[in-house]
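Here is a walk through one model, with the sequence and coordinates for you to follow along. Have a look at them before reading on.

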Amino acid sequence: MRSRDLWQALSARRYLLSAWPWRATAYLVTGAVAGAATLVGLAVALVVGGVLTVVLVGLPLLVLTALAGIPLARLERQRLRLIDRAPAPARPVRQPPATGPWPWLITRLRERATWRELGHALLFALVLWPLDALAVALALGVPLHLAGTPLVMATAGGGEEAKVLKQWTVTTWPAASGVAALGLLLLALGGYALGLAAGVRAELARVLVGAPGEGDPEARVGELTRSRARLVDAFEAERRRIERDLHDGAQQRLVALTMALGLARLDAPPGPLADQLAKAHGEAGRALEELRELIHGIHPKVLADYGLPAAVADAADRSAVPVDVALELPGRLPRAVEAAAYFVVCEALANVGRHSGADRAEVTGGHRDGRLLLHVRDDGRGGADAAAGSGLTGLADRVSVLDGRLSLSSPPGGPTLLSVEIPCEWTERFA
């Protein structure tokens, strides 16, 4: 998004009589002051941090220096209001997975926007503010000095001579008046030059510290990523709602029906009616078991209440093949991640029981370097193919929605190893 107000003002006839030349000058002057202060602050922080690194005290200071671009970018977005009334929104960033300074620090250090803003701070401190100061000096300082030549000649020169830019000497009043007229003309041109310089400077600032425009490919990718995450969260919330409704509604009614049929069966005399009640009682019991299996498949309660390790252990207990579980997770992960990982494990163990001919399987994993790692291994015959209708393609798509990756290694003769990596952070730690 361009600085529309300033560009539109530059094309208007009354530009020099408006407030825009003053606003452009204020933008460049404040940029020069802020840039000089940023240069001094960064230099002091780097020197002090480097010196104190030998005693490890300087390491936190150096880390905080890497975040110096965040407040400077916020200041730059506010300064942009001087030449463009439209606000410059910040680039979207992820929310920390938990409250507290440490999760916030880790999240910000992993954000691309943080390093982009740090790059802007370095460019601002080393290159941009001297250009701002030079633009103001050339477009405003030089014309004002020329326009004041008669005043200088009358005061400092005793009415006989005056130095122009410390290069030329004016000795007559007509010459001094001509220089003053030239200064006024250059001052008018300098007003336009300041507007152009401020506009170009603002465009660069918007690229570095502002959110990308609606047509920007990066904006589209970011919005697609955020919408995909929202869809995943909504999908998991709907699954939990369906599971809760079935558990608290239909299942309870089936339990009541089964009990009523059981009591009626006890009160009924032997005969055809008792036989029909017994049959109905058995059918209700089987329907209740199938409903419980369905509820467990939609979203197991153990996963919602106790987390991924307990849910994987429960799936291992129900597996047709003996399964060893070594999953070390000291906390809860995002619900969408837990659900995806759980169903990957369930599908993998189901495939082991149906197709592998394995005698034993194992599920291992943990959380390292901001990623959930899961490995499902069996000692079966191997030769598994994810594209052969095993259901793993759908699981790979589900993992990829979370920016994860699913890989399968299953040479003929075995063993088969299914690996899953999903980037995520803790939502809470176990006590």
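## E338 and its helix

With just 3% relative accessibility, E338 counts as buried (buried is under 20% relative accessible area, exposed is over 50%, and partly exposed is in between, using a 1.4 Å probe and protein chains only). This glutamate sits in helix α13. Helices here are DSSP runs of H or I with at least four residues, strands are runs of E with at least two, and both are numbered from the N terminus. Leaving out neighbours within four places in sequence, E338 is in contact with L303, G307, L308, R332 and L333, where contact means heavy atoms within 4.5 Å.

Two notes on the source. This is a predicted model, in which local features need pLDDT of at least 70 and side-chain atom pairs count only at pLDDT 80 or more, while totals for chains, interfaces and linings use all residues. Residues are numbered from 1 along each chain as its sequence is written, and side-chain values use heavy atoms, with hydrogens and water left out.

Back to α13: the helix covers residues 335-356, 22 residues in total, and reaches 30 Å from its first C-alpha to its last. That is close to the expected 32 Å, the expected span being 1.5 Å times one less than the number of residues. Since 16 of its 22 residues are buried, α13 is largely enclosed by the rest of the structure. Just after the helix, G357 takes a positive phi of about 70°.

## The nonpolar cores

Which residues touch the most other members of the largest nonpolar core? They are L308, Y342 and L372, in a core of 41 residues. A nonpolar core is a set of buried Ala, Val, Leu, Ile, Met, Phe, Trp, Tyr and Cys residues joined through side-chain atoms within 4.5 Å. Elements giving two or more residues to this core include α11 (301-306), α12 (308-317), β3 (323-328), β5 (361-368) and α14 (392-401). The largest share, 13 residues, comes from α13.

L372 has a long list of contacts once residues up to four places away in sequence are set aside: among them are L308, L329, L333, V337, A341, V420 and I422. There is also a second, separate core of 18 residues, which includes A9, A24, L80 and A88.

## Strands around β8

β8 has antiparallel partners in both β6 and β7: the pairing with β6 runs over eight bridges, and the one with β7 (residues 405-409) over five. Two strands pair if DSSP finds at least two bridges between them. For L374, the bridge partner in β8 is V420; for S407, the partner in β8 is S419.

β7 and β8 also form a hairpin, with six residues between them. In that turn, G413 has a positive phi of about 95°.

## Salt bridges

How many salt bridges are there? The count comes to 12, taking a salt bridge as a side-chain nitrogen of Lys or Arg within 4 Å of a carboxyl oxygen of Asp or Glu. One of them joins E76 and R201, at 3.5 Å from N to O. This pair links distant parts of the chain, with E76 in helix α4 (residues 69-79) and R201 in helix α8 (residues 173-209), 125 residues apart. Both E76 and R201 are buried. Salt bridges that share partners join E76, R79, D132 and R201 into one network.

R360 and D324 meet at 3.0 Å, N to O, in another salt bridge. R360 lies in the loop between α13 and β5, D324 in strand β3, 36 residues away. Here R360 is partly exposed at 40% relative accessible area, and D324 is partly exposed too, at 36%. D314 also forms a salt bridge with R318, their closest N and O atoms being 3.2 Å apart.

## The annotated transmembrane spans

An unreviewed UniProt entry lists residues 20-45, 51-73, 118-142 and 175-198 under "transmembrane region"; such annotations may be inferred rather than shown by experiment, and the positions follow the numbering used here, with feature names shortened. In the model, residues 20-45 are 100% helix and 0% strand, with end C-alpha atoms 37 Å apart. Residues 175-198 are likewise 100% helix and 0% strand, and their end C-alpha atoms lie 33 Å apart.

V136 is found in helix α6 (residues 112-147) and is buried, at 15% relative accessible area. Not counting residues up to four places away in sequence, V136 touches L28, V29, G141 and L194. V136 and A198 are 62 residues apart in sequence and 10.0 Å apart in space, C-alpha to C-alpha.
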